[in-house]
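Me: I've got a structure open and I'd like to learn how to read it. Could you walk me through some features, one at a time?

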Amino acid sequence: IWSAVPKSRFSADALTITPADHAKNYNNYYELAFNKEDPSSLAQSLRIDPWSVEIGGEVEKPGTYQLEDILRQQTLQEYIYRFRCVEAWSMVVPWVGFELGDLLKTAKPLSSAKFVKLTSVQQPEAMPKQRNNAMLEWPYVEGLRIDEAMHPLTILAVGMYGDILPKQNGAPLRLVVPWKYGFKSIKAVVKIELLKRPPISSWNKFAPNEYGFYANVNPDVPHPRWSQNSERPLGSGFFTPRRQTELFNGYGEQVAYLYRDMDLRHFF
Amino acid sequence: MAMQINNLRSLTIAVCFIPLLWVFFDIAFDNLGPNQMQALHIRLGDWALRFLWITLAITPVQTVTKWRGMTDYRQLFGLFAFFYASLHVLAYLAVDQVFAWRIIGIDILESSYIWFGLIAYIIIFSLGITSSKAAKKSLGKSWKKLHRFIYIAAGAAMIHYFWQLKGNLAEPLFYLLIIFMLLGFRAVIWFKNKQLSQMMIPKGRASIDTEAD
């Protein structure tokens, strides 16, 4: 339905796009299942219409907005981005969406807003692991520093592969931060709060020594239990060497300045 | 009778190759999913672990059923654990990393879960190459000592499994439960034997052979 959407200036046309079937059938969606095969079927019972997003916290104009109204205000673009999971697999996905920053501006952030907290949907009747209170604390929460959230690479996606976002991929609205590990790109967003203090994200709370707040893709900072030096692109065949992981997932030119005085080993 | 036993042995060997055929089938029909390399690692690793567990189950089964002559099968299953573990390692080196030694070096150095896999494999390799009757004879008493390392291998393999997961623990917990049962059985036997031999000390002989290993 969005085949005519213009391409973003950040869209990387030279990349080989991962086959859509792979992106749709290999999902980490811990509210639904802990494996990657089941979310595509389990997600179908999620209710996503109507959908509203609450924007609050350190803003001049807090409020709850219907997704249609948000979309009417925003210009959709296609963003072909690399996506790197913390589990060392990766893909290239053509997302359809708009800049998170553009949405935040409509709520007029106050100068006291230093961080952004995003919260996922809580639908225990449709989400087995929420129902059982399994593993993480629900609902899923993620966070960004305000400059990361306002960065033009950071988008909210409503579609992929020229079509509406599949439920297992985070429909109807998900975050995509291409230079960070995939778990930062929170799915099914219902609430966006601007805060003075950093929020504690779900994985960070679960295992603080393994999953940091920043979670920037970095081949030189291994996960405590596995290397992040290389990655396996989805769909790549046998006897194909792994891909060398790039600092900031290859978006260093655009984002490295955000972290220029920081020790990336400490702020992992 | 001998004929029958030989048939059973051949049949067992054939059955033990089924998981490998199944892997080939899934490769040929593209059934391994979007991350087929990962799927292959898990598949071969799982079978290595299962055969290791079966190997460790032989002694308890023998003790309970009092069915002698299963030692040959213990060796057979142990060799299949060795076989699938070797394929698991080979798939990593040749099919996944395509012998890119620099990247392999970094990967091993930075991945603690691989260290445990490596420990487990070195042990299983050592047991595999010393499994023959000839080796048993020439190693004498140290053979038994060496082959007791299978418990270390089982523990290391278990950590190797747990350590690469982000969250889903249901399956490894199942394997953990089994190994606890298998080791628990041995602990009980060992304890009983100890009590027995203590009772027999007054007679001046403590020669109960601990078959439970």
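Reply: Sure, let's start with a pair of strands. β4(A) and strand β11 (residues 230–233) of chain A pair in the parallel sense over two bridges. To find the spot, look for Trp89(A), which stands opposite Arg232(A) in β11(A). One thing to keep in mind throughout is that this is a predicted model.

Me: What does "parallel" refer to, and which other strands pair with β4(A)?
Reply: The general idea: strands of a sheet pair through backbone hydrogen bonds, either parallel or antiparallel. In this structure, β4(A) also pairs with strand β7 (residues 155–160) of chain A, in the antiparallel sense and over five bridges. There, Trp95(A) stands opposite Met160(A). Then there's β3(A), joined to β4(A) by eight bridges and running antiparallel to β4(A). On that side, Tyr79(A) has Trp95(A) as its bridge partner.

Me: What links β3(A) to β4(A)?
Reply: They form a hairpin, with four residues between the two strands. Have a look at Ala88(A) in that turn, since its phi is positive, at about 70°.

Me: How many residues of β4(A) are buried?
Reply: Ten of the eleven residues in β4(A), which spans 89–99, are buried, so the strand is largely enclosed by the rest of the structure.

Me: How do I decide whether a single residue is buried or exposed? Take Arg82(A).
Reply: You count neighbours: a residue is buried if 20 or more other C-beta atoms lie within 10 Å of its own. Arg82(A) has 22 C-beta neighbours inside 10 Å, so it counts as buried. You'll find Arg82(A) in strand β3 (residues 77–84) of chain A.

Me: Which residues does Arg82(A) touch?
Reply: Leaving out residues up to four places away in sequence, Arg82(A) touches Leu15(A), Ser90(A), Val92(A), Pro178(A), Asn249(A) and Gly250(A). Ala12(A) is another one to look at: it sits 70 residues from Arg82(A) along the chain, with their C-alpha atoms separated by 8.4 Å.

Me: Where do the side chains of a strand point?
Reply: In a regular strand the side chains alternate between the two faces of the sheet. Strand β1 (residues 52–57) of chain A shows this alternation. Val53(A), Ile55(A) and Gly57(A) point to one face and are buried, while Ser52(A), Glu54(A) and Gly56(A) point to the other and are not.

Me: Which strands pair with β1(A)?
Reply: Strand β2 (residues 63–66) of chain A is joined to β1(A) by four bridges, and the two run antiparallel. Ile55(A) has Gly63(A) as its bridge partner in β2(A). These two strands form a hairpin as well, with five residues between them. Four bridges also join β1(A) to strand β10 (residues 189–195) of chain A, and this pair runs parallel. Here Glu54(A) stands opposite Lys191(A).

Me: What is the order of the strands in the whole sheet?
Reply: Read across the sheet and you get β2-β1-β10-β5-β6 in chain A, an open sheet of five strands with mixed pairing. Its edge strands are β2 and β6 (141–145), each pairing on one side only. From one strand to the next, the twist averages 20°. At the β6 end, strand β5 (residues 115–120) of chain A and β6(A) pair in the antiparallel sense over five bridges, with Gly143(A) as the bridge partner of Lys117(A).

Me: Let's switch chains. What is chain B made of?
Reply: Its secondary structure comes to ten helices and zero strands. Of the 213 residues in chain B, 23% are buried.

Me: How do I describe the way two helices pack?
Reply: Look at the angle and the distance between their axes. For α4(B) and α6(B), the angle is about 135° and the axes are 9 Å apart. That makes α4(B) oblique to α6(B). Their crossing is left-handed. Among the residues making the contact are Leu79(B) and Phe82(B) of α4(B), and Ile124(B) and Phe125(B) of α6(B). By class, the contact has nine nonpolar, two polar and no charged residues.

Me: How many residues of chain B are in contact with chain A?
Reply: There are 22 in chain B, in contact with 22 residues of chain A. The largest share of chain B's side, four residues, comes from α5(B). That side divides into nine nonpolar, nine polar and four charged residues.

Conventions. Residues are numbered from 1 along each chain as its sequence is written. Chains are lettered from A and ligands numbered from 1 in the order in which they are written. This is a predicted model: local features need pLDDT of at least 70, side-chain atom pairs count only at pLDDT 80 or more; totals for chains, interfaces and linings use all residues. A residue is buried if 20 or more other C-beta atoms lie within 10 Å of its own, exposed if 12 or fewer, and partly exposed in between; C-beta atoms are placed from the backbone. Two strands pair if DSSP finds at least two bridges between them. Axes are lines fitted to C-alpha atoms, for helices over the stretch in contact, and angles run from 0 to 180 degrees between N-to-C directions. Two residues are in contact if their C-beta atoms, placed from the backbone, lie within 7 Å. Ala, Val, Leu, Ile, Met, Phe, Trp, Tyr, Cys and Pro count as nonpolar, Asp, Glu, Lys and Arg as charged, and the others, Gly among them, as polar. Angles under 35 degrees count as roughly parallel, over 145 as roughly antiparallel, 65 to 115 as roughly perpendicular and the rest as oblique. A crossing is left-handed if the near helix is turned anticlockwise from the far one by less than a right angle, and right-handed if clockwise.
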